[in-house]
Structures are given as C-alpha cells and as structure tokens.
Amino acid sequence: AMLKTGLSALASRRMKSLSGGQQQRAWIAMILAQQAGILLLDEPINHLDLNHQVEIMDLLVDLRQQGKTLIVVLHDLNLAAQFADQLIVLAENRLQAFGPPAEVLTSELITRLYQVPVDIHHDRDGLPYIRTLRQAS
C-alpha cells in the first residue's frame with residue numbers, strides 16, 4: 001500500500017509530521033492495506049493545494065483502473081468532471097442528477113442548485129467545465 005501511494009520513503013515518519021497531501025495518501029494507504037474492493041472517500045482532497053489535489057485524484061484513477069470501486073464525495077464540480085466516470089448530484093436530501101459528467105453538468109442544473117449563473121464549456125476531450133458568470137452590480 002505504501003508503494004502504491006508513493007510513501008515508502010516516509011514509512012518511519014509520524015503522521016503528524018507529513019504534509020497534507022502525504023497525510024491524505026497515508027489514509028488511502030491504510031485503506032488499501034485492508035484490501036477493500038470498495039472505497040468510500042469523503043472529500044479526500046479537502047484543504048489541499050492544486051498539485052496535491054491532482055496527485056490524490058490520479059492515485060484514485062489508478063485504483064479504479066486496478067478494479068477498485070470508488071465512491072468519492074467532492075464539492076469541486078470541475079475536478080469531479082475531470083476524474084469521474086459517473087456523477088451523482090445530491091441536493092436537499094434528494095437525487096438531482098446521475099450519469100456521465102457531460103450529461104449531468106448542465107448550466108440549468110448548476111444555476112438552479114447553486115443560484116449562480118454559469119456557462120458549461122467542454123475541453124478537447126469533451127469533458128465539461130463550469131465557468132461562473134458575473135452578474136452586473
């Protein structure tokens with residue numbers, strides 16, 4: 001598990017001495033050591049800088065490619081769209097949308113749920129990303 005998470009060189013260090021990204025990877029290594037087939041992760045990139053966010057998300061993609069089932073709670077919709085195969089959008093304790101990111105993330109849905117006008121754009125791979133629209137003051 002430490003090899004898969006890139007933590008072997010840090011094996012002798014205490015958890016509190018690790019950076020935020022290293023701690024997140026250490027928690028994931030602990031989960032991997034249990035050899036669970038399904039991983040439930042609540043905000044695994046919370047409070048991490050962009051580099052560490054991508055590092056953790058890449059690790060999760062690798063785990064998915066190894067046959068693990070991942071259920072990940074994320075509030076960053078753009079990051080979720082970039083890394084997830086399927087999105088589940090919940091609001092007001094109800095399912096609002098489910099499916100591939102390109103089908104789920106619509107300007108109508110995001111504007112309705114967050115009361116913020118948005119445009120949805122697509123990158124070269126067809127993945128959606130959200131851009132908020134500034135309202136005139």
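Here are a few exercises, with worked solutions, on the predicted model shown above.

**Exercise 1. Get your bearings: work out which elements the protein has and in what order they come.**

Step 1. Start with the tally: the secondary structure comes to five helices and six strands.

Step 2. Now walk from the N terminus, and you'll read α-β-α-β-α-β-β-α-α-β-β.

Step 3. For overall dimensions, put a box along the principal axes: the C-alpha atoms fill roughly 55 × 35 × 35 Å.

Step 4. Then look at cover. Of the 137 residues, 34% are buried. The protein exposes about 9200 Å², with carbon and sulfur atoms supplying 51% of that area.

**Exercise 2. Find the salt bridges and say which parts of the chain each one ties together.**

Step 1. You're looking for a side-chain nitrogen of Lys or Arg within 4 Å of a carboxyl oxygen of Asp or Glu. That rule gives three salt bridges.

Step 2. Take R25 and E55, whose side chains meet at 2.5 Å, N to O. R25 sits in helix α1 (residues 20-33) and E55 in helix α2, so this pair ties together parts that are 30 residues apart in sequence. R25 counts as buried, at 11% relative accessibility, while E55 is partly exposed at 27%.

Step 3. Next up is D85 with R64, where the closest N and O atoms are 3.4 Å apart. D85 belongs to the loop between α3 (77-83) and β3, and R64 to helix α2, so parts 21 residues apart in sequence are tied together here. Both partners are partly exposed: D85 has 46% relative accessibility and R64 has 28%.

Step 4. Finish with R131 and D119, with 3.2 Å between their closest N and O atoms. This pair links strand β6, home of R131, to strand β5 (residues 118-122), home of D119, and the two residues are 12 apart. R131 is partly exposed with a relative accessible area of 42%, and D119 is partly exposed with 28%.

**Exercise 3. Decide whether E43 is buried or exposed, and look for a charged partner.**

Step 1. Locate E43 in the loop between β1 (38-42) and α2 (50-65).

Step 2. E43 turns out to be buried, yet it has no salt bridge.

Step 3. How far away is the nearest side chain of opposite charge? That side chain is R64, and it is 16 Å away. A salt bridge needs its atoms within 4 Å.

Step 4. So what does touch E43? Skip the neighbours within four places in sequence, and the contacts are Q24, V73, L74 and H75.

**Exercise 4. Find the nonpolar surface patch made by I88 and other residues, then compare the surroundings of L133.**

Step 1. I88, L90, L95 and F98 make a nonpolar surface patch of about 480 Å². The elements giving two or more residues to the patch are β3 (87-91) and β4 (94-99).

Step 2. Zoom in on I88 in strand β3. With a relative accessible area of 57%, I88 is exposed, because the cut-off for that is over 50%.

Step 3. Now hop to L133, in the segment after β6 (128-132). L133 is partly exposed, with a relative accessible area of 29%; patch residues need over 30%.

Step 4. The C-alpha atoms of L133 and F98 are separated by 24 Å. Leaving out residues up to four places away in sequence, L133 touches P117, V118 and D119.

Note on methods
Residues are numbered from 1 along each chain as its sequence is written. This is a predicted model: local features need pLDDT of at least 70, side-chain atom pairs count only at pLDDT 80 or more; totals for chains, interfaces and linings use all residues. Side-chain values use heavy atoms; hydrogens and water are left out. Helices (H or I, at least four residues) and strands (E, at least two) are DSSP runs, numbered from the N terminus. Buried means under 20% relative accessible area, exposed over 50%, partly exposed in between (1.4 Å probe, protein chains only). Accessible areas come from the Shrake-Rupley method with a 1.4 Å probe; for residues, only the protein chains shown count as cover. Lys and Arg count as positive and Asp and Glu as negative; His and the chain ends are not counted. Contact means heavy atoms within 4.5 Å. Patches are made of residues with over 30% relative accessible area and no salt bridge: like charges are joined within 9 Å, nonpolar side chains (Val, Leu, Ile, Met, Phe, Trp, Tyr) within 5 Å.
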